[in-house]
Amino acid sequence: MTGLPDAADPAPSAQIADPASERDRRFMALAQRAADEARRAGEVPVGAVIVLGDDVIATGFNHPIRGHDPSAHAEMAALRAAAQSLQNYRLPGCELYVTLEPCLMCAGAIMHARISRVVYGATDPKTGACGSVVDMFANAQLNHHTTVTGGVLADECGHALKNFFAERRRLARDERDARRAREAGQPAADSSDRITTS
(Lines give C-alpha, C1' and ligand atoms only; values in the text may rest on other atoms or scores of the structure.)
Protein backbone atom coordinates (compact mmCIF):
# COMPACT_ATOMS: atom_id res chain seq x y z
CA MET A 1 0.00 0.00 0.00
CA THR A 2 2.96 2.26 -0.20
CA GLY A 3 3.15 2.61 -3.97
CA LEU A 4 1.93 5.70 -5.72
CA PRO A 5 -0.65 4.36 -8.16
CA ASP A 6 -1.07 5.28 -11.75
CA ALA A 7 -4.83 5.25 -12.08
CA ALA A 8 -4.87 5.61 -15.85
CA ASP A 9 -5.54 1.98 -16.73
CA PRO A 10 -6.94 -0.98 -14.85
CA ALA A 11 -4.68 -3.98 -14.39
CA PRO A 12 -4.37 -6.24 -17.44
CA SER A 13 -6.42 -9.19 -16.16
CA ALA A 14 -9.06 -7.12 -14.46
CA GLN A 15 -12.32 -6.66 -16.24
CA ILE A 16 -12.71 -3.03 -17.27
CA ALA A 17 -15.40 -1.46 -15.16
CA ASP A 18 -18.69 -0.58 -16.78
CA PRO A 19 -19.03 3.17 -16.20
CA ALA A 20 -22.81 2.72 -16.17
CA SER A 21 -22.67 0.38 -13.14
CA GLU A 22 -24.30 2.66 -10.61
CA ARG A 23 -24.15 -0.07 -7.96
CA ASP A 24 -20.36 -0.37 -8.23
CA ARG A 25 -19.96 3.40 -8.15
CA ARG A 26 -22.19 3.66 -5.07
CA PHE A 27 -20.23 1.08 -3.08
CA MET A 28 -16.88 2.45 -4.24
CA ALA A 29 -17.96 5.87 -2.97
CA LEU A 30 -18.46 4.25 0.45
CA ALA A 31 -14.96 2.78 0.23
CA GLN A 32 -13.69 6.30 -0.55
CA ARG A 33 -15.31 7.56 2.65
CA ALA A 34 -13.41 4.87 4.56
CA ALA A 35 -10.21 6.00 2.79
CA ASP A 36 -10.89 9.53 4.09
CA GLU A 37 -10.85 8.12 7.63
CA ALA A 38 -7.39 6.70 6.97
CA ARG A 39 -6.20 10.05 5.61
CA ARG A 40 -7.52 11.91 8.67
CA ALA A 41 -5.59 9.45 10.85
CA GLY A 42 -2.37 10.19 8.91
CA GLU A 43 -2.42 6.84 7.11
CA VAL A 44 -2.24 6.11 3.38
CA PRO A 45 -5.84 6.74 2.26
CA VAL A 46 -7.15 3.33 1.25
CA GLY A 47 -10.65 2.20 2.20
CA ALA A 48 -12.71 -0.94 1.71
CA VAL A 49 -16.27 -2.13 2.18
CA ILE A 50 -17.69 -5.65 2.02
CA VAL A 51 -21.14 -6.10 0.61
CA LEU A 52 -23.53 -9.04 0.84
CA GLY A 53 -26.40 -8.57 -1.59
CA ASP A 54 -27.15 -4.87 -1.26
CA ASP A 55 -26.06 -4.55 2.36
CA VAL A 56 -22.70 -3.26 3.57
CA ILE A 57 -21.66 -5.69 6.28
CA ALA A 58 -18.16 -4.33 6.99
CA THR A 59 -15.91 -1.35 6.44
CA GLY A 60 -12.17 -1.03 6.85
CA PHE A 61 -9.44 1.50 6.29
CA ASN A 62 -5.68 1.42 6.16
CA HIS A 63 -4.00 1.74 9.59
CA PRO A 64 -0.67 -0.14 9.72
CA ILE A 65 1.24 2.88 11.09
CA ARG A 66 -1.11 3.67 13.96
CA GLY A 67 -1.71 0.00 14.70
CA HIS A 68 1.96 -1.01 14.42
CA ASP A 69 0.62 -3.82 12.24
CA PRO A 70 1.92 -4.54 8.73
CA SER A 71 -1.23 -6.54 8.02
CA ALA A 72 -3.62 -3.67 8.83
CA HIS A 73 -4.54 -2.88 5.23
CA ALA A 74 -8.07 -1.72 4.46
CA GLU A 75 -9.05 -5.06 2.96
CA MET A 76 -7.77 -7.00 5.97
CA ALA A 77 -9.67 -4.76 8.39
CA ALA A 78 -12.87 -5.17 6.35
CA LEU A 79 -12.41 -8.96 6.09
CA ARG A 80 -11.96 -9.26 9.86
CA ALA A 81 -15.05 -7.14 10.52
CA ALA A 82 -17.15 -9.07 7.99
CA ALA A 83 -16.09 -12.43 9.45
CA GLN A 84 -17.13 -11.23 12.91
CA SER A 85 -20.41 -9.87 11.55
CA LEU A 86 -21.29 -13.17 9.87
CA GLN A 87 -19.60 -15.30 12.55
CA ASN A 88 -17.81 -17.20 9.80
CA TYR A 89 -14.28 -17.07 8.44
CA ARG A 90 -15.69 -17.86 5.01
CA LEU A 91 -17.54 -15.07 3.24
CA PRO A 92 -19.15 -16.71 0.20
CA GLY A 93 -21.35 -14.45 -1.89
CA CYS A 94 -19.67 -11.32 -0.53
CA GLU A 95 -18.09 -8.62 -2.68
CA LEU A 96 -15.16 -6.47 -1.61
CA TYR A 97 -14.83 -2.88 -2.84
CA VAL A 98 -11.45 -1.25 -2.28
CA THR A 99 -10.01 2.04 -3.50
CA LEU A 100 -6.61 0.56 -4.43
CA GLU A 101 -5.74 -2.71 -6.17
CA PRO A 102 -5.08 -5.36 -3.50
CA CYS A 103 -1.55 -6.52 -2.71
CA LEU A 104 -0.49 -10.19 -2.48
CA MET A 105 -1.22 -10.40 1.24
CA CYS A 106 -4.74 -9.06 0.82
CA ALA A 107 -5.37 -11.14 -2.31
CA GLY A 108 -4.44 -14.27 -0.35
CA ALA A 109 -6.82 -13.38 2.47
CA ILE A 110 -9.56 -12.57 -0.05
CA MET A 111 -9.10 -15.98 -1.62
CA HIS A 112 -9.14 -17.80 1.73
CA ALA A 113 -12.30 -15.93 2.75
CA ARG A 114 -13.98 -17.08 -0.49
CA ILE A 115 -14.95 -13.55 -1.54
CA SER A 116 -16.88 -13.92 -4.80
CA ARG A 117 -15.92 -10.58 -6.37
CA VAL A 118 -13.33 -7.84 -5.89
CA VAL A 119 -13.91 -4.36 -7.26
CA TYR A 120 -11.04 -1.88 -7.01
CA GLY A 121 -10.44 1.72 -7.98
CA ALA A 122 -6.84 2.73 -8.73
CA THR A 123 -4.17 0.31 -9.92
CA ASP A 124 -1.01 -0.23 -7.89
CA PRO A 125 1.98 -0.66 -10.22
CA LYS A 126 4.31 -1.48 -7.31
CA THR A 127 2.42 -4.14 -5.36
CA GLY A 128 -0.83 -4.83 -7.23
CA ALA A 129 -1.84 -8.50 -7.23
CA CYS A 130 -4.74 -8.26 -9.69
CA GLY A 131 -2.52 -7.94 -12.75
CA SER A 132 -0.34 -4.87 -12.23
CA VAL A 133 2.62 -6.83 -10.78
CA VAL A 134 1.24 -10.35 -10.43
CA ASP A 135 -2.20 -11.79 -11.09
CA MET A 136 -3.12 -13.92 -8.12
CA PHE A 137 -6.73 -14.36 -9.16
CA ALA A 138 -5.85 -15.62 -12.66
CA ASN A 139 -3.87 -18.58 -11.32
CA ALA A 140 -5.83 -21.66 -12.40
CA GLN A 141 -4.01 -23.85 -9.85
CA LEU A 142 -5.61 -22.09 -6.90
CA ASN A 143 -8.70 -23.71 -5.46
CA HIS A 144 -10.90 -20.62 -5.33
CA HIS A 145 -11.49 -18.09 -8.06
CA THR A 146 -12.65 -14.55 -7.49
CA THR A 147 -14.02 -12.28 -10.19
CA VAL A 148 -12.11 -8.99 -10.42
CA THR A 149 -13.33 -5.66 -11.77
CA GLY A 150 -10.84 -2.80 -11.83
CA GLY A 151 -11.03 0.89 -12.57
CA VAL A 152 -14.23 1.87 -10.75
CA LEU A 153 -13.83 5.58 -9.89
CA ALA A 154 -10.13 5.07 -10.69
CA ASP A 155 -9.36 8.75 -11.23
CA GLU A 156 -10.94 9.83 -7.96
CA CYS A 157 -9.26 7.03 -5.99
CA GLY A 158 -5.90 7.71 -7.64
CA HIS A 159 -6.10 11.48 -7.04
CA ALA A 160 -6.75 10.94 -3.32
CA LEU A 161 -3.57 8.86 -3.08
CA LYS A 162 -1.47 11.22 -5.21
CA ASN A 163 -2.63 14.24 -3.19
CA PHE A 164 -1.79 12.46 0.06
CA PHE A 165 1.75 11.65 -1.06
CA ALA A 166 2.24 15.15 -2.50
CA GLU A 167 1.24 16.64 0.85
CA ARG A 168 3.60 14.27 2.69
CA ARG A 169 6.46 15.35 0.41
CA ARG A 170 5.59 19.03 0.97
CA LEU A 171 5.57 18.60 4.76
CA ALA A 172 8.89 16.74 4.67
CA ARG A 173 10.38 19.51 2.51
CA ASP A 174 9.09 22.22 4.88
CA GLU A 175 10.50 20.34 7.87
CA ARG A 176 13.88 19.95 6.15
CA ASP A 177 13.93 23.66 5.21
CA ALA A 178 13.03 24.68 8.77
CA ARG A 179 15.81 22.47 10.19
CA ARG A 180 18.35 23.95 7.78
CA ALA A 181 17.21 27.48 8.63
CA ARG A 182 17.59 26.76 12.37
CA GLU A 183 21.06 25.35 11.79
CA ALA A 184 22.00 28.47 9.80
CA GLY A 185 20.45 30.77 12.43
CA GLN A 186 17.83 32.15 10.03
CA PRO A 187 14.06 32.27 10.43
CA ALA A 188 12.27 29.55 8.44
CA ALA A 189 10.10 30.57 5.52
CA ASP A 190 6.38 30.17 6.14
CA SER A 191 4.98 27.53 3.77
CA SER A 192 1.85 29.69 3.36
CA ASP A 193 4.04 32.26 1.59
CA ARG A 194 4.77 29.77 -1.19
CA ILE A 195 2.72 29.75 -4.32
CA THR A 196 1.21 26.34 -4.90
CA THR A 197 -0.49 24.93 -7.93
CA SER A 198 -2.77 21.96 -8.18
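Is Asp 54 buried or exposed? Asp 54 is exposed, with a relative accessible area of 52%; exposed means over 50%, buried under 20% and partly exposed in between (1.4 Å probe, protein chains only). The model is predicted: local features need pLDDT of at least 70, side-chain atom pairs count only at pLDDT 80 or more, and totals for chains, interfaces and linings use all residues. Residues are numbered from 1 along each chain as its sequence is written, and side-chain values use heavy atoms, with hydrogens and water left out.

The structure holds six salt bridges, each a side-chain nitrogen of Lys or Arg within 4 Å of a carboxyl oxygen of Asp or Glu. Three of these pairs are tabulated.

| Acid | Base | N to O distance |
|---|---|---|
| Asp 54 | Arg 23 | 3.2 Å |
| Asp 24 | Arg 117 | 2.7 Å |
| Glu 95 | Arg 117 | 2.9 Å |

Asp 24 lies in helix α1 and Arg 117 in strand β5, so this pair ties together parts 93 residues apart in sequence. Helices (H or I, at least four residues) and strands (E, at least two) are DSSP runs, numbered from the N terminus. Asp 24 and Arg 117 are buried, and so is Glu 95. Arg 23 is partly exposed, at 25% relative accessible area. Arg 23, Asp 24, Asp 54, Glu 95 and Arg 117 form a network of salt bridges.

The largest nonpolar core has 44 residues; such a core is a set of buried Ala, Val, Leu, Ile, Met, Phe, Trp, Tyr and Cys residues joined through side-chain atoms within 4.5 Å. Its largest share, six residues, comes from α4.
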